[in-house]
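I open these notes with a plain aim: to look up where the open spaces lie, what surrounds the ligand, and which backbone features deserve an entry.

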Amino acid sequence: METFVDAAKKDANGSVQNKSVTVVFVLGGPGSGKGTQCANIVEHFGYTHLSAGDLLRAEIKSGSENGTLIDNMIKEGKIVPSEVTIKLLQRAIQENGNDKFLIDGFPRNEENRAAFESVTGIEPEFVLFFDCSEEEMERRLLNRNQGRVDDNIETIRKRFKVFLDSSLPVIEYYNAKGKVRKIDAAKPIEGVFESVRSVFTVSGDKVAA
Ligand code: UP5
Ligand code: MG
């Protein structure tokens, strides 16, 4: 039987594979500051920011056939099927003229990771990991006030559990390959960016003039 990975490879018809791109995965618990720091990295290092969560929320708003499924999963803090998320990421990479991407909040489990690699052939340059205590992350999420359906204490606890059970193993996988750049994300925003900046400076990314 043809798996979705086979189908997606055929679908892509080499388009993503033929586009040579640099990808950095930006991972960390809910509220660890992934989105905030990605905005800084875009400004200083010329990457394009692709937040998997933002792409999924846009898909709900667009009224797509997957919208209800995605909405229900986000409300429960569950991980949307790889097929859905990878299609959105692939499309965003293909449509963008840039060749450097920050993929924020993906892959969230081993299956996400293996499927993305298999479908796109892309391996991350490195993985930026924002390390932060649950206590601090909870405080940030409850103060965010952007109307996110998952920023309530019940869903936040579910998101923390999914992060520990499913997402940390992905970070461990890349750590074993020497690809993880761990950042102390509990500091104030500017202090976190100082650490982030040195990771990108060492990696050879030019600072924007
Ligand atoms: N803030 C940020 N940095 C701070 C600092 N250093 N000091 C003090 N305050 C700081 O930050 C959160 C809040 O904290 C903001 O108010 C900020 O000002 C402040 P933010 O940068 O938004 O943190 P971030 O890590 O991006 O938090 P987010 O809530 O977006 O992380 P999640 O991983 O939970 O959310 P995401 O959007 O990635 O995913 C949501 C859901 O979508 C998932 O639970 C899942 O259901 C689904 N999903 C999938 O199924 N698959 C995917 O691949 C992706 C998502
Ligand atoms: Mg975010």
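Entry 1, the second largest pocket. I began with helix H4, which supplies five residues to the lining of the second largest pocket, the largest share. I note at the outset that the model is a predicted one. H4 and H5 are the elements that give two or more residues to this lining. I then listed the lining in sequence order: Asp54, Arg57, Ala58, Ile60, Lys61, Asp71, Ile74, Gly147, Arg148, Val149 and Asp150. Sorted by class, these are six charged, four nonpolar and one polar. I recorded a volume of about 210 Å³ for this second largest pocket.

Entry 2, the largest pocket. I next looked up the largest pocket and found a volume of about 1,000 Å³. Its lining comprises 48 residues, and those nearest the centre are Gly31, Lys34, Arg144, Arg148 and Arg159. Arg148 also appears in the lining of the second largest pocket. By class I recorded 18 nonpolar, 17 polar and 13 charged residues in the lining of the largest pocket.

I asked which element gives the most to the lining of the largest pocket. The answer is H4, with five residues. At least two residues each come from strand S1 (22-28), H3, strand S2 (48-51), H4, H5, H8, helix H9 (153-176) and H10.

Entry 3, the ligand. Where does ligand 1 sit? I found ligand 1 in the largest pocket. I counted 32 residues around ligand 1, and the closest are Thr36, Lys78, Val80, Arg108 and Arg159. Arg159 is also among the residues nearest the centre of the largest pocket.

I then looked up individual contacts to oxygen atoms of ligand 1. For Thr36, a polar side-chain atom lies 2.5 Å from an oxygen atom of the ligand. For Lys34, an N or O atom of the side chain is 2.9 Å from a ligand oxygen atom. For Gly31, the atom concerned is a backbone N or O, at 3.0 Å from an oxygen atom of ligand 1. I also noted how much of the ligand is covered: taken alone, ligand 1 exposes 1,000 Å², and the protein buries 87% of that.

Entry 4, the shell around the ligand. The elements that give two or more residues to the shell of ligand 1 are helix H3 (34-45), helix H4 (52-61), helix H5 (67-75), helix H8 (134-144) and helix H10 (189-202). H4 provides the largest share of this shell, with four residues. The shell has 12 nonpolar, 10 polar and 10 charged residues.

Entry 5, the backbone. I asked which peptide bond is cis, with omega near 0°. I found that bond running from Phe106 to Pro107. I placed Pro107 in the loop between strand S3 (100-104) and helix H7 (110-120). I also entered Asn145, which has a positive phi of about 60° although Asn145 is not a glycine. Asn145 lies in the loop between H8 and H9.

Methods: Residues are numbered from 1 along each chain as its sequence is written. Chains are lettered from A and ligands numbered from 1 in the order in which they are written. This is a predicted model: local features need pLDDT of at least 70, side-chain atom pairs count only at pLDDT 80 or more; totals for chains, interfaces and linings use all residues. Side-chain values use heavy atoms; hydrogens and water are left out. A residue is near a molecule or strand if one of its heavy atoms lies within 4 Å of it. A polar contact is a pair of N or O atoms within 3.5 Å; within protein, one must be able to donate a hydrogen and the other to accept it, and residues adjacent in sequence count only if both atoms are side-chain atoms. Accessible areas come from the Shrake-Rupley method with a 1.4 Å probe; for residues, only the protein chains shown count as cover. On a 1 Å grid over the protein atoms alone, a cavity is a set of points where a 1.4 Å probe fits but cannot get out, and a pocket is an open set with protein on both sides within 12 Å along at least five of seven lines; lining residues have an atom within 4 Å of a point. A molecule sits in a cavity or pocket if more than half of its atoms lie within 2 Å of its grid points. Ala, Val, Leu, Ile, Met, Phe, Trp, Tyr, Cys and Pro count as nonpolar, Asp, Glu, Lys and Arg as charged, and the others, Gly among them, as polar. Grid points are joined across faces, edges and corners, and a volume is the space filled by probe spheres set on the points.
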